[in-house]
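Here is a friendly walk through the model shown below, beginning with its pockets and moving on to cysteines, chains and one residue in detail.

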Amino acid sequence: MTQKTLEISNISTRYGQIPMLMNVSLEIRKGHIACVLGANGAGKTTLLKTILGMVKADTGSIKLNGESIDHLPTHKRVEKGIAMAAAAFGTLHKMTVEKNLKMGAYYINDNKLLNERLEQVYQSFPILKERLNQKAGTLSGGERTMLTIARAVINKPTLLMLDEPSLGLAPIMVEEVFRVIKKLNEKDNMTILLVEQNAQKALDVSHYGYVIQKGQIVFKGEPDELRSSEYVENPVAG
Amino acid sequence: MELLFGQIINAILLGCTYTLVAIGFSLFFGVMDVVVFCAGDIAIFGAFSIMGAYTILASAGIFSVLPFTVAVFILLLVASILCASLGLLTYRFSVKPFENTSALMPLLSTIALGVVIKEVLGLVFQRVVNPLAKAAASGGEALAVQGGRNPQAMPVLIAPDGTITERNLIIIGVTLFLLLALFLFLNKTKIGLSMQAISQNKDLSRMIGINVNRIVILTFVIGGVLLAIGGFLVGSYNTIIRFDNGTMYGTKGFAAAVVGGLSNIYGAIVGGMLLAFVEVFVSGYIPNGTAYSSIIAFVVVVFFIVFKPEGIIGEKTVEKV
Amino acid sequence: MLKKSRKYSLLWLVVLMAALLIAAGCGGQDAGTGGDSEAPDVVKLGFLSPITGPNSAEGAAARNAFLMAIDAANASGEFPYTIEVIVIDDASKPEVGAAGAQQIVADEKVVAATGHWNSGVAEATIPIFKQAEIPLLIWGAIKEGLTSPENYPYITRSAPTAAQENEPLANILIKDMGYKKWFIVSDVTSYGEANTEVFTKILADMGCELLGTEKVQEGTVDFRPIIQKIKSSGATAVYFGGVVTEASLLKNQMHEAGMDDVLFAGISGIYSEDFLKIGAEAAEGALAIKPGIDPSKSPEGQKFLDDYAAGGYSEPVGAFTPYAYEAALILLNALKQCGDNPTPAAMVDAIKDSETTGIMGTTTFNEFGQTNNVAAYMLVVQDGKWVSFDESEYATGTRVLPQP
């Protein structure tokens with residue numbers, strides 16, 4: 001039996017009185033990349049925030065490696081191994097790149113381990129190594145996305161959640177970002193939940209996919225199934 | 001030359017007192033994005049709690065049993081605990097309930113809390129003797145107009161047997177020490193770094209696993225302790241404390257923090273010193289300048305708000321997302 | 001049940017109405033006797049002071065002294081009528097004082113009134129007395145402007161105003177002691193402004209050098225920039241024209257800056273225990289003026305103090321108690337001038353033109369009703385106490401004040 005890293009059943013959330021997610025169920029197998037495709041405002045980011053506990057779910061349950069995390073606050077969920085990278089959330093702009101990375105490794109108290117991890121991150125993201133002492137606020141868009149992802153993977157998370165990593169990037173940078181994502185999955189065997197508007201790119205690296213519309217999962221399947229479905233042929237992506 | 005030197009010393013000492021209150025504002029603003037307007041009153045509360053604790057401990061004879069420095073340390077500890085608790089109360093009842101409302105709400109509620117702190121101090125430290133009777137004895141109604149709540153003499157705890165220069169050096173030394181300690185704390189400890197992270201990006205901080213609530217609470221505790229020591233220095237420098245001093249220090253501290261860029265504690269230091277220098281030099285060199293020193297100081301503040309809203313050493317880091 | 005409760009409420013209502021009627025009846029009866037007894041042998045005076053509230057000690061002592069004088073006059077048989085006093089407790093509240101003033105002017109027998117410890121209350125009653133054309137003699141409120149050309153001749157005042165103290169202060173310090181180089185520090189309140197204005201004028205008139213003027217906000221705690229300025233100005237004396245807290249801080253910080261060689265003097269606002277407490281040893285040698293004459297210095301004054309003590313009053317003699325007594329003497333003097341049938345109109349003239357020698361010296365009024373009697377005496381801080389300057393070691397030469 002294949003192990004499920006993340007298992008979400010019947011999650012519903014609201015923002016004030018407005019329903020944001022309705023009975024969303026979703027699962028990711030260990031070592032897989034799953035993508036959630038959807039338009040702006042479909043509820044993709046809310047889904048990630050709910051998994052991380054930054055948004056409270058009204059109903060439903062979330063399990064990480066088979067263990068319920070519903071009662072845990074955000075920082076405990078991070079400690080359990082969920083990491084989220086979202087370029088839209090920005091960086092700690094007044095801190096250097098190195099400090100940003102160290103803040104990402106918030107739960108690593110062992111200095112030796114921390115330095116090891118930093119070295120590994122520099123290997124995966126060589127561009128950051130050149131920028132170590134530069135303030136994060138001065139990075140270019142692509143560099144910032146890299147920093148965001150690097151900061152999330154430094155913890156070697158059980159589940160890496162990427163929120164629109166291609167957003168606002170030049171095509172060449174988009175290629176680079178997806179190359180990194182694929183490498184993280186294949187080389188480091190990282191389980192990834194990828195939320196994207198860029199459906200084609202996302203499906204290229206994913207093992208499984210979901211389509212979310214107006215807070216509901218309307219379709220799920222293998223990448224090929226999604227490609228041939230109405231949702232991707234007539235891209236909801238804007 | 002002697003005049004100039006004297007005025008510079010005056011400005012530095014005044015600047016030290018403004019700086020500590022301004023840093024209080026900056027810390028609170030940094031983690032909560034709100035102006036906690038009762039910071040000045042918390043500092044004066046600290047001074048009063050030291051005075052009150054001194055009176056109680058001295059009458060219990062503690063100063064004859066313990067070495068002086070230990071006794072002073074105990075007083076500071078008592079004041080720090082009380083101010084930290086007051087900081088917590090401020091957060092719990094005046095800031096947190098308005099977390100998701102407009103920034104005006106915590107501003108108003110902390111102004112209100114400041115009034116409460118001030119009035120309670122005025123009531124608790126009222127003379128037992130009817131001070132109005134004394135005012136009458138002095139033949140002047142003017143005194144009665146001033147009200148019954150009199151200033152309190154601050155016990156001389158800084159350099160009790162020393163010279164004025166020694167006292168001034170200690171005030172500057174303690175301020176420098178606090179600033180250095182704060183600098184190390186903010187940059188070398190996880191809590192300090194978390195405080196910085198929260199002040200830069202609260203959502204991201206939560207996302208990377210910082211227990212934001214805990215850090216915010218700790219900030220109010222640390223801010224309270226800092227303000228307690230600030231109040232102690234203010235009281236010791238002025239030799240008296242008045243229950244309503246908090247308003248003045250609150251306003252000046254806030255102004256200094258604004259000049260410095262509000263969430264930037266290094267800016268708060270520069271802002272505090274700038275404000276103090278403007279005040280002292282206007283007062284000291286312009287004929288009848290004292291009446292206008294505060295006005296001119298605030299004109300400087302308005303100038304900064306209009307022309308350099310990011311503060312004197314604030315950087316223009318507009319992060320496009 | 002309903003019926004029963006209604007019956008009870010009706011009962012209560014009746015009791016309440018009865019109580020109101022009785023109360024009103026009493027009042028009516030009181031007014032009635034006043035109206036009925038057209039006997040020309042009663043003349044009434046109004047007296048207002050705060051007998052309850054924050055200033056009750058001073059207000060009640062003033063009342064005691066005033067009634068003491070009136071009782072003595074009635075007992076002396078010098079007057080062909082009995083003098084009655086309507087005592088009004090203004091509780092230091094303008095609205096209460098105004099209501100009391102209405103009560104006084106409504107009584108036909110009233111020919112004059114005196115009162116007020118609080119200037120704010122006086123401001124509220126002055127229009128009432130003016131409109132009723134009944135003279136009001138103020139004995140204890142010291143704010144400038146209560147006596148004025150507009151209020152003359154109905155409003156007179158036997159107590160010196162705050163600004164009037166400056167004259168005797170300047171006479172002693174400049175003419176007698178010879179201080180010529182001055183620096184003025186005051187606060188921005190109307191009290192401070194008035195003092196600054198008066199003292200600046202006096203300095204100019206007496207040919208002194210004014211080396212600087214600084215006005216501070218009330219609540220100022222840091223005077224050091226000003227002190228540096230005073231130091232480099234070469235002033236030999238500092239005049240303080242505000243109230244006690246700022247004064248004691250200024251003196252304290254001057255001492256701290258090693259400026260005990262500069263004289264520190266102030267008006268009566270600084271004469272307070274607080275000055276000693278906050279100033280501590282720094283207060284030594286500070287001078288303050290106190291209006292009036294020390295009653296114990298004259299036989300008449302001492303007699304008043306003895307009589308008051310013999311009266312067994314619970315309130316001690318306050319600073320303005322002698323002034324209330326003096327006000328009674330002034331009114332009695334005016335009544336004498338008015339003959340057997342005094343009227344308010346006659347009393348207005350009699351008071352403004354009066355010349356009364358009582359326990360505080362001789363009181364006459366100037367062209368707008370303010371007393372010309374500005375007698376005052378100097379106090380000095382010696383060993384943490386305010387001491388009459390004439391009795392101090394500074395007067396004998398054992399201790400010396402800073403060089404002029």
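In this predicted model, 40 residues line the largest pocket, and those nearest its centre are A:Gly53, A:Met54, A:Val55, B:Asn100 and B:Arg206. The space inside the largest pocket comes to about 1200 Å³.

Which elements supply at least two residues each to this lining? From chain A they are β1 (4–15), α1 (44–52), β4 (59–64) and α2 (74–80), and from chain B they are α10 (202–207) and α11 (212–238). The element that gives the most is β1(A), with 4 residues.

The second largest pocket is lined by 33 residues, and B:Ala153, B:Met154, B:Pro155, B:Val156 and B:Thr239 are the ones nearest its centre. Here the elements that give two or more residues belong to chains B and C: α2 (39–59), β1 (152–153) and α8 (164–188) of chain B, along with α8 (244–256) and α9 (273–279) of chain C. The largest share of this lining, 4 residues, is provided by α2(B).

The table sets out the make-up of the two linings by residue class.

| Pocket | Nonpolar | Polar | Charged |
|---|---|---|---|
| Largest pocket | 17 residues | 12 residues | 11 residues |
| Second largest pocket | 16 residues | 11 residues | 6 residues |

As for volume, the second largest pocket holds about 730 Å³.

**Cysteines**

How many disulfides does a search of the whole structure find? The count over all chains is 0. A disulfide is a covalent bond between the sulfur atoms of two cysteines. B:Cys16 shows why no such bond forms there: the closest cysteine sulfur, that of B:Cys83, is 19 Å from its own sulfur, which is too far for a bond. Is B:Cys16 buried or exposed? B:Cys16 counts as buried because its relative accessibility is 4%, below the 20% cut-off. C:Cys338 also falls under that 20% limit, so at 16% relative accessibility C:Cys338 counts as buried.

**Chains A and C**

Chain A contains 10 helices and 10 strands. Its radius of gyration is 17 Å, which agrees with the value near 18 Å for a compact globule of 238 residues. Taken along the principal axes, the C-alpha atoms of chain A fill a box of roughly 45 × 40 × 40 Å. Buried residues make up 51% of the 238 in chain A. If we take contacts in chain A between residues at least 6 apart in sequence, 67% of them join residues at least 24 apart.

Chain C has 13 helices and 14 strands, and its C-alpha trace spans about 85 × 65 × 40 Å along the principal axes. Of its 404 residues, 55% count as buried. Among contacts in chain C with a separation of 6 or more, residues 24 or more positions apart account for 69%.

**A closer look at B:Thr19**

Where does B:Thr19 lie? B:Thr19 is part of helix α1 of chain B, which covers residues 2–32. With a relative accessibility of 1%, B:Thr19 counts as buried. Setting aside neighbours within four places in sequence, the contacts of B:Thr19 are B:Leu179, B:Ala268, B:Ile269, B:Gly272 and B:Met273. Another residue to look at is B:Ala256: although 237 residues separate it from B:Thr19 along the chain, the two C-alpha atoms are 7.3 Å apart.

Notes: Residues numbered from 1 in each chain as written. Chains lettered and ligands numbered in written order. Predicted model: local features only at pLDDT ≥ 70, side-chain atom pairs only at ≥ 80, totals over all residues. Heavy atoms only, no water. 1 Å grid on protein atoms, 1.4 Å probe; cavity = no way out; pocket = protein on both sides within 12 Å on 5 of 7 lines; lining within 4 Å. Points joined across faces, edges and corners; volume = space filled by probe spheres on them. Nonpolar A, V, L, I, M, F, W, Y, C, P; charged D, E, K, R; others polar. Disulfide = S-S within 2.5 Å. Buried < 20%, exposed > 50% of the residue type's maximum accessible area, 1.4 Å probe, protein only. Rg over C-alpha atoms; globule rule 2.2 N^0.38 Å. Contact = heavy atoms within 4.5 Å.
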